[in-house]
Amino acid sequence: MASLSFFISAVLLLYLCGGSSSSRLAPVWQRGSKAGSLPPSCERIECPSYDLVQEGNGFEIRRYDSPVWMTTSPIEDISLVNATRTGFFQLFDYIQGKNKYNEKIEMTAPVMTEVSPSDGPFCASSFAVSFYVPAKNQADVPPSENLHAQRWGVRYAAVRQFSGFVSDYSVGEEAAALQASLAGSSWSEAIKKSQKAGDTKSSYTVAQYNSPFEFDHRVNEIWLLFDMDESHII
Ligand SMILES: *[C@@H]1O[C@H](CO)[C@@H](O)[C@H](O)[C@H]1NC(C)=O
């Protein structure tokens, strides 16, 4: 009896979680995205620089040149919002001086949450939350027990901006909208190829530019990160 009810709830969970992504692909993506604008936070605090490679319809392609991130261990959760909060507090402690050098580090943006599918329990994903390390700390990143430095080479991102507070629901919508706007483009092929090659473990990434205490002009982005042979674009 116990195993039967377990089975039923398992099926129900799979149905609820599995069903959401495809049914949300309905043509709801008419709200425009503001491509090409740097979030206002980046006028106040340091953000990683990038080159705008292409401004498309509903997306933009950026080229990031070797930013450095401080990243949490994978956090298993069913909620991106909650996993980001968990990670954010670890990173907040870190920049407040809870690191091997007892060094305070300037606040930057964005806080980045990489979402990967997980082998864990139903509907859970694995999240890695990252803080962009200011240029002046990049050569010698203060170490910390539960965090690791992530050094990118050149990386590309297909980006969609959206405003407001990130919710688990809006993230799914915006990620699907980005996928839809890229469909049929050569970028879509490059992203698939990169993910297949295992260069990118994450299915997508959410970048948030505001602290939880800011209510106006909030800017967030969905990123599909990919690597590609540079000779292909020039
Ligand atoms: C996220 O955290 C809040 C507050 O701790 C909790 O009430 C909520 O159920 C969590 N959401 C999910 C989807 O786990």
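**Exercise 1. Divide the shell residues around the ligand into nonpolar, polar and charged, and describe how the protein meets the ligand.**

Solution. The shell comprises 1 nonpolar, 2 polar and 1 charged residue, where Ala, Val, Leu, Ile, Met, Phe, Trp, Tyr, Cys and Pro count as nonpolar, Asp, Glu, Lys and Arg as charged, and the others, Gly among them, as polar. This is a predicted model, in which local features need pLDDT of at least 70 and side-chain atom pairs count only at pLDDT 80 or more, while totals for chains, interfaces and linings use all residues. Residues are numbered from 1 along each chain as its sequence is written, and side-chain values use heavy atoms, with hydrogens and water left out.

Next, name the residues: Ile 78, Ser 79, Asn 82 and Arg 85 surround the ligand, each having a heavy atom within 4 Å of it. Of the ligand's own accessible area of 360 Å², the protein covers 34% (Shrake-Rupley method, 1.4 Å probe). Finally, a side-chain N or O atom of Asn 82 lies 2.3 Å from a ligand oxygen atom.

**Exercise 2. Determine whether Thr 113 is buried or exposed, and which residues it contacts.**

Solution. Begin with the location, which is strand E5 (a DSSP run of at least two residues). Thr 113 has a relative accessible area of 0% and is therefore buried (under 20%, with a 1.4 Å probe and protein chains only). Beyond four places in sequence, its contacts (heavy atoms within 4.5 Å) include Leu 80, Thr 84, Phe 127 and Tyr 204. With Thr 84, the side chain of Thr 113 also forms a polar contact of 2.9 Å (N or O atoms within 3.5 Å, one able to donate a hydrogen and the other to accept it; residues adjacent in sequence count only if both atoms are side-chain atoms).

Notes. Helices (H or I, at least four residues) and strands (E, at least two) are DSSP runs, numbered from the N terminus. Buried means under 20% relative accessible area, exposed over 50%, partly exposed in between (1.4 Å probe, protein chains only).
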